[in-house]
Amino acid sequence: MSLPARLTTDRLALRPLAAEDEAACVAALSDFEVVRWLAPVPWPYGAGDFRAFLADPVPAARWVICRDGAFLGMIGLQGQFGYWLARPAWGQGFASEAARAVLAAHFRSAAAEPVRAGYFEGNARSARVLAKLGFREIGRSLVSRRSRSMRSCRMWN
């Protein structure tokens with residue numbers, strides 16, 4: 001299933017990741033309070049990590065979240081639904097707003113598969129976002145994080 005390369009909401013623009021995002025992305029992921037909740041992100045995160053991620057051939061299922069042209073974070077629907085925001089963007093409803101746009105685009109297709117998401121134990125912000133979006137807990141598992149050791153993850157769908 002193909003999703004649009006660009007999505008918009010009242011406050012946000014979701015667009016493909018570009019080389020010009022390197023400085024903002026690296027700065028955001030240099031904050032351990034952001035990275036500690038992300039399984040695939042290494043710590044410390046550097047320009048080489050960004051360039052490897054940018055070069056990864058992926059379908060159009062990941063977007064940069066922007067407001068007024070400013071990089072806020074990323075959201076994706078590749079195997080599992082996930083998102084992250086730079087700390088200055090926390091608590092303003094941006095994750096929920098971007099997620100609604102991505103999920104609406106996904107479920108426009110009659111062939112849309114169910115969506116799974118997860119969050120690490122202790123990440124109350126992500127738990128609230130997923131609950132607001134209508135996700136329900138379906139189980140728990142141990143997930144390895146590149147930034148730290150294994151940690152319990154609650155799986156939702």
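This text leads through the fold of the protein, one residue of its first helix, and its largest pocket.

The model is predicted, so that local features need pLDDT of at least 70 and side-chain atom pairs count only at pLDDT 80 or more, while totals for chains, interfaces and linings use all residues. Residues are numbered from 1 along each chain as its sequence is written, and side-chain values use heavy atoms, without hydrogens and water.

The secondary structure comprises five helices and eight strands, where helices (H or I, at least four residues) and strands (E, at least two) are DSSP runs numbered from the N terminus. Along the sequence these elements follow the pattern β-β-α-α-α-β-β-β-α-β-α-β-β. Of the 157 residues, 45% are buried, meaning under 20% relative accessible area with a 1.4 Å probe and protein chains only.

Helix H1, residues 22-28, contains Glu22, which counts as buried because its relative accessibility is 19%. Beyond its neighbours within four places in sequence, Glu22 is in contact (heavy atoms within 4.5 Å) with Ala47, Phe50 and Arg51.

The largest pocket has a volume of about 1300 Å³ and is lined by 49 residues, with Trp37, Leu38, Gly82, Tyr83 and Trp84 nearest its centre. A pocket here is an open set of points, on a 1 Å grid over the protein atoms alone, where a 1.4 Å probe fits, with protein on both sides within 12 Å along at least five of seven lines; lining residues have an atom within 4 Å of a point. Elements giving two or more residues to this lining include helix H3 (47-55) and strand E5 (80-85).

Terms used
Points joined across faces, edges and corners; volume = space filled by probe spheres on them. Buried < 20%, exposed > 50% of the residue type's maximum accessible area, 1.4 Å probe, protein only.
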